[in-house]
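Colleague: Can you walk me through this one? I'd like to start with the inside and then move to the surface.

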Amino acid sequence: MTGYGPTVAGIVFSLFVVATGVAAGIGTAWQADRARRTLAEGLLAEAVVLVVFTSESASGVGENRSTTTTRHTILGFRTPDGSEVRVDERDGHRRAVGDRVAVRYLPERPDRAVAVDRSAVQDTFGIVMSILLTVGGIIGLVITLAHMPSDPPTPGVWSP
């Protein structure tokens, strides 16, 4: 086998990391913009905390296995036309069942209501993490390309 296996794998992995970072950044920015628009243009409603629970998800294998815990707060409110809406808020606010929360929603998508006291810290954290992931992938790509031989090996005659 030639010396290109790990180098090509390094390039592919680095490009994957860059693409993941860019996609995460775009998704976070899109979600933050949607929340900003909802808070600026949405109708105001009073929601009640109906349920609070946590969920866990695991990723990785063996020693690299990690568990992420997400806190869910189910908010319920009624629109002026009488529709009941449930929203799963995951921004980490500590709320108790029965708490009242002001929310804003766009009439065409009340299921995407946003709590008025929403923190932009998660959006900032998500964007910073996606930038770090993208930069890490670019650094990995540069390192991989720097160690790649400039000329491919020429076939030769093997001699003992």
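Modeller: What follows covers the core, an aromatic pair and one helix of this predicted model.

Colleague: Which residues make up the largest nonpolar core?

Modeller: That core has 12 residues: Ala-45, Ala-47, Val-49, Leu-75, Phe-77, Val-85, Val-87, Val-101, Val-103, Tyr-105, Ala-113 and Ala-115. Strands E1, E2, E3, E4 and E5 each supply at least two residues of this core.

Colleague: What does Ala-45 touch, not counting residues up to four places away in sequence?

Modeller: Ala-45 touches Phe-77, Val-101, Ala-102, Val-103 and Tyr-105.

Colleague: How many aromatic pairs does the structure hold?

Modeller: There is 1 aromatic pair. It joins Phe-77 and Tyr-105, with ring centres 5.2 Å apart and planes at 35°, so the pair counts as tilted. Phe-77 lies in strand E2 and Tyr-105 in strand E4, 28 residues apart.

Colleague: Is Phe-77 buried or exposed? And what about Tyr-105?

Modeller: Phe-77 is buried, at 5% relative accessibility. Tyr-105 is buried at 3%.

Colleague: Moving to the surface, which residues form the nonpolar patch?

Modeller: Ile-127, Ile-131, Val-135, Ile-139 and Ile-143 form it, and together they have about 410 Å² of accessible area. Val-135 sits in helix H2, residues 121-146.

Colleague: Why does Val-135 count as partly exposed?

Modeller: Because its relative accessibility is 39%, and partly exposed runs between 20% and 50%.

Colleague: And Ser-130, buried or exposed?

Modeller: Ser-130 is also in helix H2, but counts as buried at 6% relative accessibility. Leaving aside neighbours within four places in sequence, Ser-130 is in contact with Gly-21, Ala-24 and Gly-25.

Terms used: Residues numbered from 1 in each chain as written. Predicted model: local features only at pLDDT ≥ 70, side-chain atom pairs only at ≥ 80, totals over all residues. Heavy atoms only, no water. Patch = residues over 30% accessible without salt bridge, like charges linked within 9 Å, V, L, I, M, F, W, Y side chains within 5 Å. Areas by Shrake-Rupley, 256 points an atom, 1.4 Å probe, with all protein chains shown as cover. Salt bridge = Lys/Arg side-chain N within 4 Å of Asp/Glu carboxyl O. Helix = DSSP H or I, 4+ residues; strand = E, 2+ residues; numbered from the N terminus. Buried < 20%, exposed > 50% of the residue type's maximum accessible area, 1.4 Å probe, protein only. Contact = heavy atoms within 4.5 Å. Core = buried A, V, L, I, M, F, W, Y, C linked by side-chain atoms within 4.5 Å. Phe/Tyr/Trp six-rings, centres within 6.5 Å; stacked < 30°, edge-to-face > 60°.
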